[in-house]
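Okay, thanks everyone for squeezing in. I'd like to walk you through one model today, helix by helix and then loop by loop. Have a look at it first.

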Amino acid sequence: MTVPLKRWLVVGFALAAAFVALGLGVARHPMTLDAQVATALHGVYTQPLGQVAEIGSDILGPVLPWILAAALLALALRHRQHTGLCVRLAVVLVLCRLTSLTAKPVFLRERPRDYPDLSYPSGHVVSVASTGFVLLLLCAWLWPRLLKRVAAAVAVAVVLSAACRVVLGVHWVTDTIGAVLAVTGV
């Protein structure tokens, strides 16, 4: 095993451990930051800003991994030499996306307001971060000159997705941080 690979594994395990530690730390009671932000934004989801956040949440959410999966399939069919890469990236996408689906029943965290489903980590933010992470990997392999631009776009999309979910009152701030930790840990 090469040194860079060992470093990446250590970083991945550290981020995954941080995800679990944060989840355990907030499962029973929200952090002060969570409570303060939820109080400050209480009821905003019913106002115009909430309507904007709803639209943003619809765009930056669970549909993105499906769109990327279709794009990977199209790339693999059009350029057969990239089939192996597309399959590996699809596996990464699925593993990242599964962090939300498998972790929510483990932490059993309630949402800031009455809303179906559990809270930690945010599935919307996991979807955006997963899609963005796989896009970054794809660019690193096929279009390295686009990497910085895509990284900036991914960062903006993840922050916007997190902000929308918090403004809507359906996630605590730490749910969105946990989502990013989980994806980057994978």
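Let's start with Arg165, which sits in helix H7. When I say helix, I mean a DSSP run of H or I with at least four residues (strands are E runs of at least two), numbered from the N terminus. Before going further, the housekeeping: this is a predicted model, where local features need pLDDT of at least 70 and side-chain atom pairs count only at pLDDT 80 or more, while totals for chains, interfaces and linings use all residues. Residues are numbered from 1 along each chain as its sequence is written, and side-chain values use heavy atoms, with hydrogens and water left out.

Back to Arg165: is this residue buried or exposed? Arg165 is buried, at a relative accessible area of 5%. The cut-offs there are under 20% relative accessible area for buried, over 50% for exposed, and partly exposed in between, with a 1.4 Å probe and protein chains only. And what does Arg165 touch, leaving out residues up to four places away in sequence? The list is Ser57, Arg111, Tyr115, Ser122, His124, Val170 and His171. Contact here means heavy atoms within 4.5 Å. For a sense of distance, the C-alpha atoms of Arg165 and Ser127 are separated by 12 Å, and the two residues are 38 apart along the chain.

Arg165 also takes part in a helix pair. H3 (residues 48-59) packs on H7 (residues 147-167) at an angle of about 135°, and their axes are 8 Å apart. That makes H3 oblique to H7. The axes are lines fitted to C-alpha atoms, for helices over the stretch in contact, and angles run from 0 to 180 degrees between N-to-C directions. On the labels: under 35 degrees is roughly parallel, over 145 roughly antiparallel, 65 to 115 roughly perpendicular, and the rest oblique. H3 passes H7 in a left-handed crossing, meaning the near helix is turned anticlockwise from the far one by less than a right angle; clockwise would be right-handed. From H3 you've got Leu49, Gly50, Ala53, Gly56 and Ser57, meeting Cys164, Arg165 and Val167 in H7. Those contact residues divide into four nonpolar, three polar and one charged. For that split, Ala, Val, Leu, Ile, Met, Phe, Trp, Tyr, Cys and Pro count as nonpolar, Asp, Glu, Lys and Arg as charged, and the others, Gly among them, as polar.

Next pair: H4 (residues 63-78) and H6. Their axes come within 8 Å and cross at roughly 25°, so the two are roughly parallel to each other. On the H4 side the contact includes Leu64, Pro65 and Leu68, and on the H6 side it includes Ser127, Val128 and Thr131. This contact divides into ten nonpolar, two polar and no charged residues.

H6 has another partner, H5. Here the axes come within 9 Å and cross at roughly 160°. That makes H5 roughly antiparallel to H6, and the crossing is right-handed. Among the residues that meet are Leu85, Leu89 and Lys104 in H5, and Gly123, Ser127 and Trp141 in H6. The tally is twelve nonpolar, six polar and two charged.

Now, the backbone people will like the loop between H5 (83-107) and H6 (123-142), which is where Pro121 lies. Most residues other than glycine have a negative phi, and most peptide bonds are trans. In this loop, a cis peptide bond joins Tyr120 and Pro121, with omega about -5°. Leu108, in that loop too, has a positive phi of about 50° although it isn't a glycine. Leu108 counts as exposed, at 53% relative accessibility. Asp117 is another loop residue there, and its phi is near 85°.

Ser119 is in the loop as well, and it counts as buried at 0% relative accessibility. Among the residues it touches are Lys104, Arg111, Trp172 and Asp175.

Asp175 takes us to H8 (residues 173-185), and it is one of the buried residues there. Ten of the 13 residues in H8 are buried.

Last one: Leu33, in helix H2 (residues 32-40). Leu33 is partly exposed, at 43%. The C-alpha atoms of Leu33 and Thr174 are separated by 8.4 Å, with their positions 141 residues apart along the chain. That's my tour, thanks.
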